[in-house]
Each structure stands twice: as C-alpha cells, then as structure tokens.
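Here are a few short exercises to work through with the structure open beside you. Try each task before reading its solution.

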Amino acid sequence: MADLSSIGISALNAAQAGLLTTEHNIANASTPGFSRQQTVQSANTPLLTGSGFMGQGVNVTTVTRLYNQFLNTQLLQQQAQSSQLNTYYTQIQQINNVIADPTAGISPSLQNFFSAVSGVANNPSSAAARQTMLSSAQSLASSFQSLNQLFTSMNTSVNGQIGSSVNNINSYAQQIATLNQNITVASAGGNGQPPNDLLDQRDQLVAQLNKEIKATVIKQSDGSYNVYVGNGQSLVVGNQAFTLQTVTSSADPTKVDVAYSSGGKVVPIQQGSLQGGNLGGLLAFRDQSLTSTQNALGELATGIAATFNAQNGLGQDLNGAMGGTFFNIGAPVVNSNSNNTGTAVVTASISNAAALTGSDYTLTYNSANAQPYTLTRLSDNTVTTYASLPQTVDGITLSISTTPSSGDSFLIRPTANGAQGLSVAITDPSKIAAAVPVISNGSLNNIGSGTISAASVVDTPYASLTGSATTAALAAGQLTLNGHGVGASAAGSAPGQSADSAYAIAQAINAITASSGVTATANVNTVSGSATAGSPASWTSGIAANSFTINGINVGAIAAGINAAGEGTNVAAAINAISAQTGVTASANASTGALTLTAADGRNIAIAQASGYTTLSSDTGLAPGTTNATLTLSTTGTAGIVVAGTAPGNAGLTAGTTPSTQQPPVNANLQQPVTITFNNPPTTFTISGTGTGLPATLAYTPGASISYNGWTVQISGSPSANDVFTVKANNNASADGNNALLMAGLQTQNTMLGGSVTYAGAFAQLVSQVGSQTNQLQITSQAQTNMVNQTTQAQQSISGVNLDEEAANLMKYQQAYQAAGKAIQTANTLFSTLLTMLN
Amino acid sequence: MRISTNTLYDSNINSMNQQQTNLLHTQLQVSTGLRVMTPADDPAAAAQVIEVSQSNAANTQYATNRNAATTALSMSEGVLQSVTTLIQNIQTTAVNAGDGTLNNSDRQTLATTLQGQLNQLISLANSKDGTGNYLFSGLQGSTQPFVTTASGVQYQGDSGQHLIQVSSSEQMPVNATGSDLFMNVKNGNGSFATAASSTNTGSGIIGQGGLDTPPPTAAQRGNSYTLTFNVSGGVTTYSVSGTDPSGAALPATSLPLPNQPYTSGQSISFNGVQFNIQGAPASGDTFTIVPSANVSLFQTIQNLITTLNTPITAGNPASSAAFTQQLNLASGNLNQGLNQVLTVRAAIGSNLNTLTALQSAGSALGLQYQTTLSQLQDLDYTKALSQLSQQQLGLQAAMQSFKTVSGLSLFNYM
C-alpha cells in the first residue's frame, strides 16, 4: 500500500511542479526575454517483482526553458544591423527634411541672387539695384551658413549620442559580467540544473547590447559568456567587464572617437570596425554622410564664390577701379594630429575651386621613405607621395612651415569650412564691378564701313611653361601630358621641319589637345651669329655660290662687301633670296654686320659648309650646325600641365607639374590706350600704344579676333585707309553693366565639378545624393525591421508564452493533480479496507 | 506554427504602426499638394526640380529683362521720333531757303528759325531716361553727350553698347549711341562729296552725283579728283587731276584725257563716279570730288545757317552759284542725317519686334517649365485621395480584427 500512496504522492508532486511552471509562465508572459519553461518528468525506476517490473511512479527530472540557440544568434545579428540602419536613417532624415527647402533653402537664395545680378546688369547706375544685389548675396551666404549650422549642431549631437551609447554598452557589459558570475555559482550549486531565469536575463542583456553595438558572444564551458566587440576587443570575460570610453579624436578635435580602456590605458580603436547597433549607426552617419554632405556644401559655396570673384575681378567698379573680391571664401581647415611630436604647421589654400573634390585628406610624414610625404585622399583612399612641399593637388596648395617629425600626420579638410566661411566681402554697392574695364571705339573721322566689337577681357592661360630647345624626334609614349600619351612626331613637308624640330613636335602635341587640354606653340627659332673679326677674304672676294647651305638649300653667290656691315648685308640678302624654300630669314646688324637668322614657324635652322669650304665662321660669323627651337605649352584647363613619359627631354621638357591657377592676374597693361590704324591699302593695320608684344603690322581679316594686353576685339566690315580704332580704359562708364551681364551668365554656365554642371546642377546632385541615401536607408531599415520581426516571431514561436496553451496546461495539471489525489484516496481506501478486514 | 500571445499583440501593433505611418504620409501629401515633400520621396525628381526651377527662375528673369529692354528701347524710340520730325522740318526750311524770290533778310530770318531748330535738336540729343542717365552717351550715363564748343558740337560719350540678356541665348543692345545717330553721318551722297572752289568766279554748280555703273574698283575707291575749267575762244573744256588716299598724284593713264568739252547739265562720268555741272564755269574754276567723310548733323545745320547768313551779292553769278552749291550740299547731308536716324529707328523697331516674339516664346517656355515642375513634384489628387481612403479602410479593418482576435481566450471558458 505504501508503494501505492508513494506513487500517488510522486504524481501529486509532478502535477504540482507542472502547475508551478505553468503559473510561472503565465506570470512572465510579458517579461522581455523570458523563455517559457517546461517540467521534464520521467517514470521512476521500476521494481522487479515476480510478476515483472512494477512502475514506481513519476519524478520531475528538471525544468527546462524552450530556447533555440541558432534562432537567438540570428536574431542578435539582425537586431544589431537593424538598430544601425534605424539610427542612421533617423539622423539623415534631419538633413533630408531641410536640404531642399523650397522657400528658404539654397536653391531659392541662388535664384534671388542671380535675379539681383540681372537687376544690376539692366540698370548698372542704380544704387538701389546694387544694394539689392549685395543684400541678396548676403542672404545667399546666410542660407549656406544656416544649413551648415545644422550640420555642425548635428555633429555635436552625434558626439553626445556616441557618449550615451558608450555608457549603455559599459552598463550592459557590467551586468553581463555580474550575471556570468551568478550563473556559474548557481549552476555549480544546483547540481547542474540550469538557472533558467538568470540565463534569460543574461540573453536579454546581450540582446540589448546588440542594439547598441554588434557584439560577438562565445559561451564558455563553465556556462559564462565572453563578449567581444569591434576587432575582437573583449568587453566581458567571465565575471570581468572592460569599458569603452569616448576620447576627442587625435586627428580632428571636433569629433569624438570610441576608445578601449584596458588596465588604465586608453587604446584607440579603429572606428570603422565598430559596426552595428546605435553606435555603428551614429559613426556611419557621421563618417559617411554628415562629413561628406558638409564638405559638398562647402565645395559648392567655395565654387560659387571663386567663380564669381574671378568674374568680378575682370570688371570695373563704379569708381573706375578694377573689381576685387566679392565673396570671402572659407579657408581650408588643417588639423595637426594631437600626437604629433614635431612643430611643423601645414597650411592649405585653395588655388583652383573648380578642381576641388569635396574630400578630406590625410598628410603623413615618414622620414624613412625617399618621398617622405604621403597624401591620402579619404574619399577613395588614393595615395600620392611627394619628396617635398609645397604641392598642389585637386585645387589645393599645401605648404609646410618646417620639416615635421617622422610619423606626424595632418588632417586637411579643404571645404569643411566653405559654407560657414562664405560671406560678402564688400559693403559699398559702388564696389560691384558691373562694367567692363576697357572700351573700344571707332574714330568719328573713319571713312570706311569697318566696325569694332565691344572689347572683352579674356582669360589668360591657367598654366603655361616654356621648355628648352627640342633635342630629338618624339616616339609614341616618350611624352605624356596630363596622362595622355603624345604620338610620334612626323617631319613636315618643308626643309627644317624634321621630326625633331619644335614645329613637328608641336603638331604632335596639338593632335591630342582635345584630350590633354594642352596647346603647344613652337617658338620662333633664332640663330645669332657673331660679328666677324678682322678683314676676312670674303670682304674683298665675296663667297662663291653653293659654299654653304641653309636647311639643305644652297646659298647663292655673295658679293664682296667693303666692311663687316656691308658683308653682313650681302650675306643676309643671299639667305633671304632662298627664304621661300628654307623658311629662314636673315637680318644683319647695321654697324657690326652680325647676322640673325629667324625661322618664324619654329622649324630647325641647319647651317652646313660645302666640302672644301671651311671659313664660314670667319667669313660670316655663322657657325655650322643645327639649332632647334623651343616649345611653349599652355592650358586653360584646371588640371594644369603634368609632363611625364620616358623621354620628355626630346621635346625640351622636364617631367613635373605646373599647377593651374584659378584666377590669373589681369594683364597689367589692360587699360592702356592702344590704337589700331589701317594702312593704305587697308589690307593691313598697325597696332600701337602701350603694352608688351604689340606687333607692328598685321593682315586684316574681317571678324578675326585681335587680342592684346588681355583684351579681345573683332573688327568687321571694310575699313578705309587711315581709319582708326581705339581700345582704352572705360572711363565714366556708369551705365555699363556688361560685366554684370557676364556675372549673371554664370547662373547657366557649367563651372562646377570640373566644369560639368551649373551651380544649381551641383546643388541638385548634393540633394539627390542625400535623397537617395535617405530613401535607401528608409527601405533597408524597414526591410531589416521586418526581418527582425519575422525572426522574433520564429523565436517566440518556440520560446514565447501562449496563454491559451498555458490555460490548457493549467487544466491538464489540475486534472493530473486531482487524479493523483484520487489515487492516494484510493490507496487510503484500500488501506482502510484492509484495516476493516483485520478488525 | 505556435503563436506566442506576445507575437499576437506585437505583430498587430507593428502592422497598425506601419499603416498609420503610411496614412500620415498620404495625408501630408494631400495637405501640401506635393508628391515629393523631401528629396527622399523621389531623389531623381527632387534633383530635377532644383534644376528646372532654376531654369524657370532664369526664364522669369529674362521676362523682367525684356521689360527693361522694352522700356529703354521705347524711350529712345520716342525721342528719335521727335528727332525725325525735327529733321524733316529743317529739310523744309532748307527747301524754302532755295526760293529765288527771297532776299538776304528773308534768308536771315530763316537762319534764325534754323538756329532755334538746331538748339532743339541738341536738347533732344541730350535727352535723359527715367533714372537720369543720358540716352545717347554710350556707356557714360552721367556724361552729357553733346556739348557746344567753339569748334561746333562735340560728342563726349563713347560707342559702348548697353546689352541686356533678353533670352537664354540673346543679348540685345538697348541704347543708340550719339556717335551712330548724329556724328557718323556721311556727307555728300554717302560715297563721295562734290564741292565748288570758293574762289570760283563762274556760275557753274556741281550736282551731288552718284556712283556710275560699274562702280569704282577697289583701287579707285578713296581717290580724290579735281576738275579744272578752261575757257578759250568761247569753248569751255575741263581737265581732271587726282590723288590717291595717301596724297600721291594719279598718273594720267588712270584719268580722262585733258581738255574734255563741257556742256552744261551733261553727265560727266569716269572711274566709277558720275555727276553733272550746270551753268557757265569761268576759266580757272575748279570743282572737287572727294570720298565722303563724316560730318555731324549739327555741323551740317550750322553750315546751313552760315550759308543763309551770307548775303548774296546781286549780279554776281559766282555768289549765287556758291549759295546754291551750299544749299545742295546741306540738303544732301540732311538727307543722309535723316537716313542715319531712320536706320537706327528701324533697328530699334526690329528689336522691339524681336522682344515681342521672345515674350511669347518665353511665356510658352515658362508654361512648359511649370508643367514639368508639376509633373515632377505635384500630387495626383485622385490617386492620393483614393489611396487615403484605402489606407483608412485597411487601418479600420486591422483595428476591428485585432479587437476580435485579442478577445479570444481560453480563460474565458474556465
């Protein structure tokens, strides 16, 4: 009977345990991270009797939690990713909401500003129109500043949020470490029974940690969790927690970095390795969106200011002075790394706004390298090395005060300050350079029908260089200009235009001007003979025909001259007689007779003596030999001129970079009076006045550009002999708004991003970039959230509590309990029956 | 699959959240009327909106510019209309002066009238626009263009043109310069000017002449000629000499043979020029043919006044001939001057026409931009409103079903 009741009691206990577990489940149905628990019961070892094995009732072996390790790990990873995307999205949404404000943003300010510029062009003498232009320029500047202000305050806010995220991480790490200890102790004390609720709490903390940062969990044999973040920095090991902390970035004092604190030492972590969670989202937003958007805005502001200043500088203000700076441009930011040991200071200045990239750069110095300066463009990690500074790259000129210590580094942010630093430089409306500084006029006495166009101020080349004399023919690949290979030079059809001549090499270079942007001019080739000394035989007997050749053409007989001057004149005449064939003209000095040979098209001048004639030098002062001309390269491109290749010396050039200047200085003689007078017959004209390189006489081609002293005019029609045109300073030009007209034209000109888009186009690109990023994040974060929800459902389908199920279990265990009670009662009744029988 | 009770609630809440977000988005779209509220709604369209609205703003600016151009051109046109009338009045005066019945004092009266008309012309030429800038001084808005000096009326302005951007591709000059209007007036017939020597004693009068067919060759253009008369034995002949633009005498081979017989009124032509001489030139009288030079309209009128003030000596054929000669010259020059003003007015008129044409093209373009902008960013209300009611319905259904499902519990039956 004892067995009978003990089986009943075991069943009663099992049912009670089931009821307890069910109620525990019901009670914790809404507890985050709770996994439903189940009792595991099994039949007791049966008793062998003569009639076989007799059951001995039931016992509860353990209480388990329903938990799927695989699903949980998956959920953690998805949760980390989802938090990162959500945080990133929340942040970038703030930019997205304001950047394209149709009423107060950049775009309407830009439109208002150009409308005001047009107002000045229409009515240049109106003080009101000029004032409106200044005011709208100011509001353009402030719309840049206020947008930039948002970025700056978001940066501050992100720094703060990084701090609180790091605090959360530390707090979770500490709690996990504590739970590790509790679990180890509980497991040891509980004979290996799992402390289910503690395990749930720890898993919940790991889940919350993953909302802040992606953490890797490795379960140890004693049941504790080791937690790692970043590149394997351990956050929790057993019952010990390590801490992260925020430090001011050594490279950029406006940013905070996350560092790892270990044994009292602060070790920086590579920020890019901190992925996932809130922290990952904040860092990604700051480094991938906030910085680049701020830079792009600064690039736009700098571009507008630089191009506008350039045009203003080509104009003349109401007081008759040349225009100056219209917009102040925000200077590039250079931060010396706080760990630098040297005292060197790097300065950066903008040399060419159109070539800016919007990227930041890192400059490092390593004295062990042959080219110790390494510049890394952070947007695409392009690395360039230099032997020395200053250097110009991407429109930025970098210079350094002294040699830095090895290992020093500098962060250069060319346009970070561009939007903040944009401001209007002038306050006096009359300083707007609305007029063109030169004016062309035809004389009132002109008889012919020739008319002169308005003078326009022209851009001088952005970069130019002149090499030394060419030395050899150019083979393909021996010279590259701006990265484009120049083909082989081919000899021209005339004598002296051999493949090694400046003439031929210039043609080869100009064949690829369309791609390289570089134009070559073969300079005039000049050979200067010396004055003949003494009284050579030629003075009395002359020089026989065919004694020497010029460019392979025999020079005819030369008559005797009475002295050096006379002989020189005779030789020059003989050389000029064949100039149509040789392309070489000669002139003799009137007193010394020294000869000067000139080849205008830059071909070679080859002088050779016939066999048997050896006295050319003493007779004429000319030395036998070949003289090559030099080349001048120029470009109006923003890339400057980069000479490279295997043998640039053939073209008289040396490898190297000639940087492009954004705003070439205005020609010093721009406003000097120059007179163009037509000759009789009026097929040629003469230019006279003040200026360098004014040619005496030029052939007249109707409509052709005439450019000197930095201006260009065209004369068309039929001028008569003695007709006069003048170009001079544009005095008293209060009604001239023609430079303002050119400024207004900048609105529709492709000046930005290397000359590919307008201001509005560049801004539209920025907006579309922010828009696309936001849009993409909106979609991906939603998708990731949905994924988390799906996995949560799957995880919950195993671990979650279903109240209906628990209600059923409740009934089940209640009935089991009742049945067990009945069984005990039955046993009791049987026992009573037995007692009764005994009585 | 097992469903946990929490999942039942959570997924319903998630779904309602999502539906409310969508509903709010649609509601905001409806209340702003915009499909693209932030760039994220449609990044490509948002970028296009910026570019198109920039183009639209420029187009609107061109319309404003065209109004400014129209105002400026109309202002000049108004003044030039008065100038035209005035020149025609002066021409009438000049024609009246040729009336043979007038005596010296009558002509002096006409001279006084002319002086008044000259002053009126100078004052018109110095007109200002609405903002106080001189109309005809080129770019020197505050410089008075025409100033009377001892050597006549001088032009102080320049030949600069005030350009206005009237469309994306066209810049239109909106000022006429005083030099073009009044100064660069070719004298004579526009190609060459004829004159009688002041020392002539005969009654010969040379006409204005014109270009012959064929006209002068390039080498002959710019040559000056002198006709010298000789009366010998009652036979009047003339000989021609000439110089090239540099002043060198022309060789006899490029001139008519000497001693050509003269008949009054008969056309004389050589080297592409053609003219006639009337009356009886005396021996030694000379006439010159020189290429047209610029004579200002003011100078022409001033010369005419001087002519009218110069008395004609009765019975002196030379005196009378000189008067007629001067009068002919003046009327030719006035004609040239009128043509010059009319040419400028024609250019202004054609510019005004261009502006009208550009105006309608600009309006059409503006409409096009508006349509594009609307297509890019505006809301399709029909679609949005039907979407709104659909989303509303969805949310209501979710709420109702949630209520039903969450009310089910086994505990209710225990």
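**Exercise 1. The build of chain B**

Task: Find what percentage of the residues in chain B is buried, and work out why chain B is described as more spread out than a compact globule.

Solution. Keep in mind that this is a predicted model.
- Start with burial: of the 414 residues in chain B, 36% are buried. A residue earns that label when 20 or more other C-beta atoms lie within 10 Å of its own.
- Next, take stock of the secondary structure, which in chain B amounts to seven helices and 13 strands.
- Now compare sizes. For 414 residues the globule rule gives 22 Å, but the radius of gyration of chain B is 41 Å, well over that value, so chain B is more spread out than a compact globule.
- The extents of the C-alpha trace of chain B along its principal axes are about 160 × 50 × 30 Å.
- Finally, turn to the contacts in chain B between residues at least 6 apart in sequence: 69% of them join residues at least 24 apart.

**Exercise 2. Where the chains touch**

Task: Determine how many residues each chain brings to the contact between chain A and chain B, and which element of chain B supplies the largest share of its side.

Solution. Nice and direct, this one.
- Count by chain: chain A contributes 63 residues and chain B contributes 57.
- On the side of chain B, at least two residues each come from helix H1 (5-32), helix H2 (43-97), strand S3 (163-165) and helix H4 (178-183).
- H2(B) gives the largest share, with 13 residues.
- Sorted by class, the side of chain B that touches chain A holds 31 polar, 23 nonpolar and three charged residues.

**Exercise 3. Two helices of chain A**

Task: Decide how helix H5 and helix H6 of chain A are oriented towards each other.

Solution.
- The axes of H5 (residues 196-212) and H6 (residues 277-313) in chain A come within 2 Å and cross at roughly 5 degrees.
- Angles under 35 degrees count as roughly parallel, and H5(A) and H6(A) are therefore roughly parallel to each other.
- As for who meets whom, A:Asn210, A:Lys211 and A:Glu212 of H5(A) meet A:Gly277, A:Asn278 and A:Leu279 of H6(A).
- The residues of this contact comprise three polar, two charged and one nonpolar.

**Exercise 4. A sheet in chain A**

Task: Give the strand order of the four-stranded open sheet in chain A and name its edge strands.

Solution.
- The order is S31-S30-S34-S35, with antiparallel pairing.
- Strand S31 (553-554) and strand S35 (625-627) of chain A are the edges, each pairing on one side only.
- Within the sheet, S30 (residues 548-550) and S34 (residues 605-609) of chain A are joined by three bridges; A:Phe548 has A:Gln609 in S34(A) as its bridge partner.

Note on methods: Residues numbered from 1 in each chain as written. Chains lettered and ligands numbered in written order. Predicted model: local features only at pLDDT ≥ 70, side-chain atom pairs only at ≥ 80, totals over all residues. Pairing = 2+ DSSP bridges. Axes fitted to C-alpha atoms, helices over the stretch in contact; angles between N-to-C directions. Parallel < 35°, antiparallel > 145°, perpendicular 65-115°, else oblique. Contact = placed C-beta atoms within 7 Å. Nonpolar A, V, L, I, M, F, W, Y, C, P; charged D, E, K, R; others polar. Rg over C-alpha atoms; globule rule 2.2 N^0.38 Å. Buried ≥ 20, exposed ≤ 12 C-beta atoms within 10 Å, placed from the backbone.
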